[in-house]
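Reader: Hello! I am new to this structure; could you show it to me and walk me through a few questions?

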Amino acid sequence: MPHLPIKQITQLGLPFASQRLTRPGTMTAQSASAAASAPASRGLADLTLDHVRAAAARIDGAVVKTPMMHSITLSQITGAEIWLKFENLQFTAAYKERGALNALLQLTDEQRARGVIAASAGNHSQGLSYHGTRLGVPVTIVMPRTTPTVKVMQTESVGGNVVLEGETFDDANAHARKLEQEMGLTFVHPFDDPHVAAGQGTVALEMLEQKSDLDCLVTPIGGGGLISGMSTVARALNPDIEIVGVQASLFPSMYARIKGEDRICGGDTLAEGIAVKQPGEFTSKVIAERVDDILLVDEPALEKAVALLLQIEKTVVEGAGAAGLAAVLQHPERFAGKSIGMVLCGGNIDTRLLANVLLRDLARQGRLARLRVTLQDRPGALFKVMRLFDAHNVNIIEIYHQRIFTTLPAKGLITDIECEARDADQLNALVAALREADYKVTVAELA
Ligand SMILES: Cc1ncc(COP(=O)(O)O)c(C=O)c1O
């Protein structure tokens, strides 16, 4: 994983402190903190191209200027010209460092000494902890007690002090706001803060510096900080560019807010990084003004996108980070022929979950299957079935015989055969041959 050498990090500490912005119209650290508790009072003037440019200057050298690359194969698959911005190559594997660092660098000396606090179990907690610790700012992160240990450990490993409180994110958030008051800490919101959104906007600045004639930016939306910053840049630099947000169908919170619909949020999405129930107040205003459309993506498209990015680009992306590609895969007609910039926003995915996603993708392609075959419990019955597998060159991975827990008569048995084929055609030919030979066969379906 790329990260700055220690020497470079210490050298960067001082100039940052002296680069604090106090231009007219720019929020001071105190007003930023006050604004965090009164988000509705902030308007579009608090987030302009100048704010993002200032953020870029502030964070320069301390976050990775990630590459943006044209994907020939994904372009062929989708029928659009796909440009990928590899934000999963940041040190904490997500773009979130940009906004967190921009906010940290605008604290007063007193605020720096007291420390910052956030409620997050995701990439914001790692970005804030990493840069806060690097700058000598104490960082407290409140997470619900239900947070997986791996997330707690990841945040602690980059210097965050994790406090576990409550059952839900709302409980943790309420506790963070209480500690903010009691301990005089500065609350750094993961998205609903112009300083944070301006930092995130630097992603678009880099993308459009490299390729100014992109037709469209397709950007995941959780609470809306990333797309707020990116759309601010894109609108200012290229009025013709189309800006499309993406949310998981299970968590259409910003979609519902902007379209004025009632939608339920909930469920186990692969894209937990954008599973936000309550959209930002400030970010809603920016999105209403600067974003053209929001699309929803289903879980199979998210899984497919994660698998394709690994198989084709050899890059690990979490569900939220793959949402842009998922949108193009799910709505190909909408993007046909356009050049599209998309951010691979994060790569923090549990490796066992990633393994499942990849195996499920093989199953969807018909390269991996589980066949349930009903047999008679007598010598040679399984052998005859195996001969058909051999004839069709389908490899058997696992066989499970069930004699007791079946609805069949005592002399019957069910055998589940997990197998791998070259492609769906080869598998279908085997199933047809088994049925022709009078076996009752069912193929396990995926959601
Ligand atoms: C990987 C990833 N992508 C996208 C987002 C969405 O960002 P925002 O809340 O700024 O809309 C997040 C938020 O944490 C994230 O972690």
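Reader: Glad to start. Where does Asn393 lie?

Author: Welcome! This is a predicted model, in which local features need pLDDT of at least 70, side-chain atom pairs count only at pLDDT 80 or more, and totals for chains, interfaces and linings use all residues. Residues are numbered from 1 along each chain as its sequence is written. Helices (H or I, at least four residues) and strands (E, at least two) are DSSP runs, numbered from the N terminus. Asn393 lies in the loop between α18 (381–391) and β12 (395–402).

Reader: Is Asn393 buried or exposed?

Author: A residue is buried if 20 or more other C-beta atoms, placed from the backbone, lie within 10 Å of its own, exposed if 12 or fewer, and partly exposed in between. Asn393 has 11 C-beta neighbours inside 10 Å, so this residue counts as exposed.

Reader: What is the phi of Asn393 near?

Author: Most residues other than glycine have a negative phi. Asn393 is not a glycine, yet its phi is positive, near 60°.

Reader: And Asp438, what is its phi?

Author: Asp438 sits in the loop between α19 (424–436) and β14 (440–443). With 6 C-beta neighbours inside 10 Å, Asp438 counts as exposed. Although Asp438 is not a glycine, its phi is positive, at about 75°.

Reader: Which element gives the most residues to the shell around the ligand?

Author: The ligand is surrounded by 23 residues (C-beta atom, placed from the backbone, within 6 Å of it), and Gly222, Gly225, Gly273, Cys345 and Gly346 are the closest. Two or more residues come from each of α7 (123–134) and α11 (225–237). With three residues, the one that gives the most is α11.

Reader: Which helix gives the most to the largest nonpolar core?

Author: A nonpolar core is a set of buried Ala, Val, Leu, Ile, Met, Phe, Trp, Tyr and Cys residues joined through C-beta atoms within 7 Å. The largest has 104 residues, and those touching the most other members include Val297, Leu302 and Ala323. Giving eight residues, the top contributor is helix α10 (residues 194–210).

Reader: Which residues does the second, separate core include?

Author: This core has nine residues. Among them are Leu371, Val373, Val385 and Val394.

Reader: How far apart do the C-alpha centres of domain 1 and domain 2 lie?

Author: The bounds, from an automatic or database domain assignment, are 52–94 + 194–360 for domain 1 and 366–443 for domain 2. Their C-alpha centres are separated by 42 Å.
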